[in-house]
Amino acid sequence: VDPNGFGSVGGMEAARFLKRSSLSDVVLSKIWDLSDPGGRGCLDKAGMFVAMKLVALVQNGEDLSTSKLIMDVPPPKMGDVPLPKPTKPAPLKNSPLITSLPPTAVDWTIKPTEREKYDKLFESLQPLNGLIPGNKVKNVLMESKLPFGTLGKIWDLADQDKDGMLNRHEFIVVSIL
C-alpha cells in the first residue's frame, strides 16, 4: 500500500486497498473514521494497522469497535494482494555499521513479559473505571525524555476515542511507542 515507503498512505490509495476486503462501503467508512480520528485524510502506519485490524474483526463476526483491537483474530482477507518486489538498498558510504531491515523483518507483537510489565504500570496508576486521565499519564510520558511534539503525536495515536484518558490497550500503545 506504501510502495515508496513514505510512512503514510493517501485516502484514495487506502480506500482502494480496503475495498479488497469485500466489506460494504458503510462499514469501510466507519473503519476509516476510527482509523483516521484526526481527519487528516491519510493513514500512517499506526492508522493502517488499526484499519486492517478492524477489517479482520468485522470479517470474523466481531463488532466494529476500537476496544476490540486487542482481540486475537486471523489476519484480514484482502483478496489477491501482490507482494512488492524486494529492493536492495544502496550501500551507504562511510557507514558500515548502519543497516536497514525490510519492514517484514520487524516483529511488532508485544511479548507476554512486556505486556505484563505495562499491565502492572497501568494498575500502579490506579485507573478509575478502567481509564487513566491524561494528567496521570503525562508523568510517565515525561520520563521518556522525548520532545513534547513527539509525545503529542504518540498521545494522538494512542488516544483513539479522543476522550483525554487511556484505557489499558491505549496505555500499552503509549508505553511501547
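Me: Is Ser35 buried or exposed?

Reply: Let's start with the general idea. A residue counts as buried when its relative accessible area is under 20%. Ser35 has 4% relative accessibility, so Ser35 counts as buried. Keep in mind that we are looking at a predicted model.

Me: Where does Ser35 lie, and which residues does Ser35 touch?

Reply: Ser35 lies in helix α2. Not counting residues up to four places away in sequence, Ser35 touches Leu43, Gly47, Val50, Ala51 and Leu54. There is also a polar contact to find: the side chain of Ser35 reaches the backbone nitrogen of Ala51 at 3.2 Å.

Me: Before we go on, how many helices and strands should I look for?

Reply: You should find seven helices and four strands. Starting at the N terminus, their order is β-α-α-β-α-α-β-α-α-β-α. The protein has 177 residues, and 25% of them count as buried. For contacts with a separation of 6 or more, 50% come from residues 24 or more positions apart.

Me: How do I describe a pair of packed helices?

Reply: Two packed helices are described by the angle between their axes and the distance between the axes. Try α2 and helix α3, residues 45-59: their axes are 9 Å apart and the packing angle is about 145 degrees. The crossing of α2 past α3 is right-handed.

Me: Which residues of α2 and α3 meet there?

Reply: From α2 come Val27, Ile31, Leu34 and Ser35, and from α3 come Gly47, Val50, Ala51, Leu54, Val55 and Val58. Sorted by type, the residues of this contact are eight nonpolar, two polar and no charged.

Me: Why do residues on one helix point the same way when they are three or four places apart?

Reply: An α-helix has 3.6 residues a turn, so residues three or four places apart point the same way. With that idea in mind, look again at Val27, Ile31, Leu34 and Ser35 on the α2 side of the contact.

Me: Could we try a second pair? What is the crossing angle of α5 and α6?

Reply: Helix α5, residues 134-142, and helix α6, residues 148-158, cross at roughly 130 degrees, and their axes come within 11 Å. That angle makes α5 oblique to α6. The contact is made by Gly134, Val137, Leu141 and Met142 of α5 together with Phe148, Leu151 and Trp155 of α6. These residues divide into six nonpolar, one polar and no charged. As for its handedness, the crossing of α5 and α6 is right-handed.

Me: How do I read one residue in a loop, such as Asp36? Where does Asp36 lie?

Reply: A good habit is to ask for its place, its burial and its contacts. Asp36 lies in the loop between α2 and β2. Asp36 has a relative accessible area of 5%, so Asp36 is buried. Its side chain has a polar atom 2.8 Å from the backbone nitrogen of Gly41. Leaving aside neighbours within four places in sequence, Asp36 is in contact with Gly41, Cys42 and Leu43.

Me: And how do I spot residues that are apart along the chain but meet in space?

Reply: Compare positions in the sequence with distances in the model. Leu18 lies in helix α1, residues 11-19, and Leu18 counts as buried at 3% relative accessibility. Leu18 and Ala51 are 33 residues apart along the chain, while their C-alpha atoms are separated by 8.2 Å. Beyond its neighbours within four places in sequence, Leu18 is in contact with Leu28, Trp32, Ala51, Met52, Val55 and Met78.

Me: What about Leu125: buried or exposed?

Reply: Leu125 counts as buried, at 15% relative accessibility. Leu125 lies in the loop between α4 and β3. The C-alpha atoms of Leu125 and Val137, twelve residues apart along the chain, are separated by 8.0 Å. Leaving aside neighbours within four places in sequence, its contacts are Ile132, Lys136, Val140 and Phe171.

Me: Which residues of helix α7 are buried?

Reply: They are Glu170, Phe171, Ile172 and Val174. These buried residues of α7 pack against α4, β3, α5, α6 and β4. To finish, look at the start of α7, where a side-chain oxygen of Asn167 reaches to within 3.1 Å of the backbone nitrogen of His169.

Notes: Residues are numbered from 1 along each chain as its sequence is written. This is a predicted model: local features need pLDDT of at least 70, side-chain atom pairs count only at pLDDT 80 or more; totals for chains, interfaces and linings use all residues. Side-chain values use heavy atoms; hydrogens and water are left out. Axes are lines fitted to C-alpha atoms, for helices over the stretch in contact, and angles run from 0 to 180 degrees between N-to-C directions. Helices (H or I, at least four residues) and strands (E, at least two) are DSSP runs, numbered from the N terminus. Angles under 35 degrees count as roughly parallel, over 145 as roughly antiparallel, 65 to 115 as roughly perpendicular and the rest as oblique. A crossing is left-handed if the near helix is turned anticlockwise from the far one by less than a right angle, and right-handed if clockwise. Contact means heavy atoms within 4.5 Å. Ala, Val, Leu, Ile, Met, Phe, Trp, Tyr, Cys and Pro count as nonpolar, Asp, Glu, Lys and Arg as charged, and the others, Gly among them, as polar. Buried means under 20% relative accessible area, exposed over 50%, partly exposed in between (1.4 Å probe, protein chains only). A polar contact is a pair of N or O atoms within 3.5 Å; within protein, one must be able to donate a hydrogen and the other to accept it, and residues adjacent in sequence count only if both atoms are side-chain atoms.
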